Amino acid sequence: LNVKPIFKRPGKTVLTDPTLLHEYDAYYLAEDSPLRYKGLDLKKEFGIRMPDQNFNGCMPATYTMGACK
């Protein structure tokens with residue numbers, strides 16, 4: 001699979017305060033990303049339980065890809 005993921009704002013960040021990590025969305029998939037909602041149901045397919053939170057400390061969305069929603 002060779003697809004451009006289309007992130008919201010990839011590149012360098014100015015985030016230096018870890019308490020603001022929940023607001024960091026540069027690497028969220030953009031609404032028009034071809035990968036949006038193309039993830040697997042890991043519990044159903046492999047018996048892997050989804051984590052309680054994603055990279056940003058939020059509840060992970062179902063069928064999304066990556067560490068951020």
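# A guided tour of the chain

Begin by selecting Arg36, a residue that counts as buried, since its relative accessible area is 16%. Before going further, keep in mind that the structure on screen is a predicted model, and that residues are numbered from 1 along the chain.

With Arg36 still highlighted, add Glu31 to the selection, and you will find a salt bridge between Arg36 and Glu31 in which the closest N and O atoms are 3.3 Å apart. The two partners differ in their surroundings, because Arg36 is buried at a relative accessible area of 16%, whereas Glu31 is exposed, with a relative accessible area of 64%.

Now step back and show the whole chain, which has 69 residues, 20% of them counted as buried. If you colour by secondary structure, the chain shows 1 helix and 0 strands. Turning on a surface representation gives an accessible surface of about 5500 Å², and 58% of that surface belongs to carbon and sulfur atoms. As for how the chain is held against itself, among contacts between residues at least 6 apart in sequence, 43% join residues at least 24 apart.

Next, select Leu35, which is placed in the segment before H1 and is buried, with a relative accessible area of 15%. Draw a distance from the C-alpha atom of Leu35 to that of Ile6, and the viewer should give 8.4 Å, although these two residues are 29 residues apart along the chain.

From there, move to Asp25, which also has its place in the segment before H1. Is Asp25 buried or exposed? Its relative accessible area is 17%, and because the cut-off for buried is under 20%, Asp25 counts as buried. Which residues does Asp25 touch, once its neighbours within four places in sequence are left aside? The answer is Lys8 and Arg9, so both of these should be shown as sticks beside Asp25 for the next part of the tour.

Look at Lys8 before Arg9. Asp25 forms a salt bridge with Lys8, and the closest N and O atoms of this pair are 3.7 Å apart. This pair links distant parts of the chain, with Asp25 and Lys8 both in the segment before H1 and 17 residues apart. While Asp25 is buried at 17% relative accessibility, Lys8 is partly exposed, with a relative accessible area of 41%.

Then turn to Arg9, whose side chain meets that of Asp25 in a salt bridge with an N to O distance of 2.2 Å. Asp25 and Arg9 both lie in the segment before H1, so this pair ties together parts that are 16 residues apart in sequence. Arg9 counts as partly exposed, because its relative accessibility is 49%.

With these pairs on display, it is worth recalling that a search of the whole structure finds 4 salt bridges, among them the one between Arg36 and Glu31. Salt bridges that share partners join Lys8, Arg9 and Asp25 into one network.

For the last stop, select helix H1, which covers residues 42-46 and includes Phe46. Phe46 is exposed, with a relative accessible area of 55%. Keep Phe46 selected and add Leu40 and Ile48, and the three residues together make a nonpolar surface patch of about 320 Å².

Terms used. Predicted model: local features only at pLDDT ≥ 70, side-chain atom pairs only at ≥ 80, totals over all residues. Heavy atoms only, no water. Patch = residues over 30% accessible without salt bridge, like charges linked within 9 Å, V, L, I, M, F, W, Y side chains within 5 Å. Areas by Shrake-Rupley, 256 points an atom, 1.4 Å probe, with all protein chains shown as cover. Helix = DSSP H or I, 4+ residues; strand = E, 2+ residues; numbered from the N terminus. Buried < 20%, exposed > 50% of the residue type's maximum accessible area, 1.4 Å probe, protein only. Contact = heavy atoms within 4.5 Å.
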